[in-house]
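Q: Could you pick one part of this protein and take me through it slowly? I'd like to see what surrounds it, and then how the neighbourhood fits together.

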Amino acid sequence: MDRALDEARRAERMGEVPVGAVVALDGHVVAAEANAPISANDPTAHAEIRALRAAAARLGNYRLTGATLYVTLEPCAMCAAALVHARVRRLVFGCDDPRTGAAGSLYDIPRDGRLNHRVEVASGVRGEESSALLRRFFRNRRE
């Protein structure tokens with residue numbers, strides 16, 4: 001989660017909403033990415049999607065079976081569905097997103113029994129740090 005927080009801080013320096021994501025497999029970081037929809041002019045350039053894409057490219061497989069995705073903010077519906085499609089084993093996230101969170105807050109896509117894959121979920125890991133980054137970012141934007 002340290003690396004995900006570093007990526008979130010990098011996103012903030014780029015003027016992006018401070019969210020960072022890391023894909024790990026067998027104890028090794030496979031990919032680490034920062035949020036970039038604004039700079040990339042791409043609504044799908046969330047940190048999670050970028051990390052999944054980078055990991056899949058590096059591993060040469062769109063299935064990330066056995067991988068863990070660490071992210072500072074609860075994934076949205078797009079990102080949560082991507083975790084299911086990639087067959088990620090585990091999701092670990094920092095703070096809840098009560099407005100758009102799709103891993104337990106608003107929806108629970110990773111654990112939805114109607115889907116063909118379920119993702120283990122651990123929430124609240126380094127949650128206060130993750131939340132503080134977001135609060136500071138949006139407070140600065142309002143000022």
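A: First, a bit of vocabulary: helices and strands here are DSSP runs, of at least four residues for a helix and at least two for a strand, and they are numbered from the N terminus. Keep in mind that this is a predicted model.

Let's pick the loop between E2 and H2, which is where you'll find alanine 36. Asparagine 35 is in that loop too, with strand E2 covering 28-34 and helix H2 covering 37-40.

Is asparagine 35 buried or exposed? Its relative accessibility is 8%, and buried means under 20%, so asparagine 35 counts as buried. Alanine 36 has a relative accessibility of 4%, so it counts as buried as well.

Now look at what the asparagine 35 side chain is doing. It reaches the backbone oxygen of valine 17 at 3.2 Å. It also reaches the backbone nitrogen of alanine 47, at 3.0 Å. Setting aside neighbours within four places in sequence, the contacts of asparagine 35 are Ala11, Met14, Glu16, Val17, Val19, Ala45, His46, Ala47 and Arg50. With the same kind of neighbours set aside, alanine 36 touches Glu16, Ala45 and Arg50. To get a feel for distance, try going from alanine 36 to histidine 85: they are 49 residues apart along the chain, and their C-alpha atoms are separated by 22 Å.

From here we can follow the contacts outwards. Ala47 and Arg50, both on the asparagine 35 list, fall within helix H3, which spans residues 47-59. Helix H3 packs with helix H4 (residues 77-85) at an angle of about 25 degrees, and their axes are 9 Å apart. Angles under 35 degrees count as roughly parallel, so that is what H3 and H4 are. Their crossing is left-handed. Glu48, Ile49 and Leu52 come from H3, while H4 brings Met78, Cys79, Ala82 and Leu83. Sorted by class, that contact has 6 nonpolar, no polar and 1 charged residues.

H4 has buried residues of its own: Cys79, Ala80, Ala82, Leu83 and Val84. Their cover includes H3, along with strand E3 (68-73) and strand E4 (90-95). After H4 comes arginine 87, with a positive phi near 65 degrees.

Another route out of the loop goes through Ala11, also a contact of asparagine 35. Ala11 falls within helix H1, residues 2-13. The axes of H1 and helix H5 (residues 127-142) come within 11 Å and cross at roughly 5 degrees, so these two helices are roughly parallel to each other. On the H1 side, the contact uses Leu5, Ala8, Arg9 and Glu12, and on the H5 side Glu129, Ser130, Leu133, Arg136 and Phe137. By class, this contact has 4 nonpolar, 1 polar and 4 charged residues.

Aspartate 2 is in H1 too. At 47% relative accessibility, aspartate 2 counts as partly exposed. Its contacts, again without neighbours within four places in sequence, are Arg9 and Arg126. With arginine 126 there is a side-chain to side-chain polar contact of 2.3 Å.

So, back where we started: asparagine 35 counts as buried, and its side chain reaches backbone atoms of valine 17 and alanine 47.

Methods:
Residues are numbered from 1 along each chain as its sequence is written. This is a predicted model: local features need pLDDT of at least 70, side-chain atom pairs count only at pLDDT 80 or more; totals for chains, interfaces and linings use all residues. Side-chain values use heavy atoms; hydrogens and water are left out. Buried means under 20% relative accessible area, exposed over 50%, partly exposed in between (1.4 Å probe, protein chains only). A polar contact is a pair of N or O atoms within 3.5 Å; within protein, one must be able to donate a hydrogen and the other to accept it, and residues adjacent in sequence count only if both atoms are side-chain atoms. Contact means heavy atoms within 4.5 Å. Axes are lines fitted to C-alpha atoms, for helices over the stretch in contact, and angles run from 0 to 180 degrees between N-to-C directions. Angles under 35 degrees count as roughly parallel, over 145 as roughly antiparallel, 65 to 115 as roughly perpendicular and the rest as oblique. A crossing is left-handed if the near helix is turned anticlockwise from the far one by less than a right angle, and right-handed if clockwise. Ala, Val, Leu, Ile, Met, Phe, Trp, Tyr, Cys and Pro count as nonpolar, Asp, Glu, Lys and Arg as charged, and the others, Gly among them, as polar.
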